[in-house]
Amino acid sequence: MAHDHSHTSGSRRRLAIVFGIVLVIFVFQVIGSIMTGSLALLIDTGHNSVDLIGIGIALFAATLVRKPPKGQKTWGFRRAEVLAAGAQATLLLGLGVYSLIEGIRRFFVPPEVPGPELMLFGAVGLVGNIVSIIILSSSKEQSLNLRAAFLEVIADALGSVAVILAAVSIWLFDWTRADAVAALFIAALIVPRAFSILKETGSILLEVAPRELDLDKVKMHIEGVEHVQEVHDLHVTRIDSNLPVLTAHVVLADECFYDGHAPRILTALQECLAEHFKVAIEHSTFQFDRAKDAARETHTHN
């Protein structure tokens, strides 16, 4: 548990630093959007505002996750990070759709945008994003929230590059449509990522088993343990992105309940699930059934 708390504390510190960086970039880009009238910079600013909200939610969720289970909240607030990531993705999707619509409109009616000023604001955004990427890169796999935040700043960095390229095109070649093209590019980055995060959060909320875990192989391994005759009612769900939970009914030979084998079988099953598979399942609950009772139940159902 201490290891979990140290991970969580590190996550909170990184998220707090990145939140401060994104806040500075956001304020700077708001000023730039007003000064330049650039759609690409406006969309990048909107993207940063969604990131700011999302990272703020993630930071709040990381704080909630540290609260111990209490009362009816038997898992505490472990699922808060899933809800936070889902809220962030929903905001991103709305921004992406707006970007596509407005980008297409401005492509056909391009406004005047000052190239040098646009380049300055894009460069500041890129520097801030690179710093955020470095901060989050070492811990992006620790949770769905950190992974979502990391993807956000990667996309922000690409968006800043698009803004800079648009600024160069406007400044040197007087290609005014470059601003709309950059906005459409940023939208193309936003929408697929929003769907990806929504899909992941939806699968957790619908209690879908991790895709990296082959349930047929799990069943086969459990049934391969000595004295295990059958496995049924096998369920694997996730409380959050890093906490899979397994429950199953395991049918044992009748004598296991009298000769002391059952406790040793339970230990073997739990060690197998925690160590053998790519997704370590450290929270497992087994109900042991006697073979004759399972046979009687099957006969009754038939």
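These legends go with several close-up views of a predicted model.

**View 1. Three strands line up side by side in one open sheet.** Reading across the sheet, the order is S1-S2-S3, and the pairing is mixed. Strand S1 (228–238) and S3 are the edge strands, so to speak the outer planks, and each pairs on one side only. Ignoring direction, neighbouring strands in this sheet are turned by 15 degrees against each other on average. As a reminder, strands of a sheet pair through backbone hydrogen bonds, and they can do it parallel or antiparallel.

**View 2. A hairpin takes the chain from S1 to S2.** How many residues does the hairpin between S1 and S2 use? The link runs through 5 residues. The two strands run antiparallel, and 8 bridges join them. One pair to look for is Val228 with its bridge partner in S2, Leu252.

**View 3. S2 and S3 pair up in the parallel sense.** Here strand S2 (residues 244–252) meets strand S3 (residues 283–290) over 8 bridges. Try finding Thr247 first: its bridge partner in S3 is Thr285. Then look for Leu252, which stands opposite Arg290 in S3. You have already met Leu252 in the previous view, as the partner of Val228.

**View 4. A helix joins S2 and S3 in a β-α-β unit.** The pieces to pick out are S2, helix H8 (residues 261–275) and S3. Is this unit right-handed or left-handed? The β-α-β unit is right-handed.

**View 5. Helices H3 and H6 cross each other.** Helix H3 (residues 80–108) and helix H6 (residues 178–205) have axes that come within 7 Å and cross at roughly 155 degrees. Angles over 145 degrees count as roughly antiparallel, so that is how H3 and H6 are arranged relative to each other. Their crossing is left-handed. If you sort the residues in the contact of H3 with H6 by class, you get 24 nonpolar, 6 polar and 3 charged.

**View 6. Two of the stretches that UniProt lists as "transmembrane region" get a closer look.** The label comes from an unreviewed entry, which lists residues 15–43, 49–65, 77–98, 118–137, 149–172 and 178–195. In the model, residues 15–43 are 93% helix and 0% strand, with end C-alpha atoms 23 Å apart. Residues 77–98 are 86% helix and 0% strand, and their end C-alpha atoms lie 33 Å apart.

Methods: Residues numbered from 1 in each chain as written. Predicted model: local features only at pLDDT ≥ 70, side-chain atom pairs only at ≥ 80, totals over all residues. Heavy atoms only, no water. Pairing = 2+ DSSP bridges. Helix = DSSP H or I, 4+ residues; strand = E, 2+ residues; numbered from the N terminus. Right-handed = clockwise from strand over helix to strand, strands pointing away. UniProt positions renumbered as here; feature names shortened; annotations may be inferred. Axes fitted to C-alpha atoms, helices over the stretch in contact; angles between N-to-C directions. Parallel < 35°, antiparallel > 145°, perpendicular 65-115°, else oblique. Left-handed = near helix turned anticlockwise from the far one by under 90°. Nonpolar A, V, L, I, M, F, W, Y, C, P; charged D, E, K, R; others polar.
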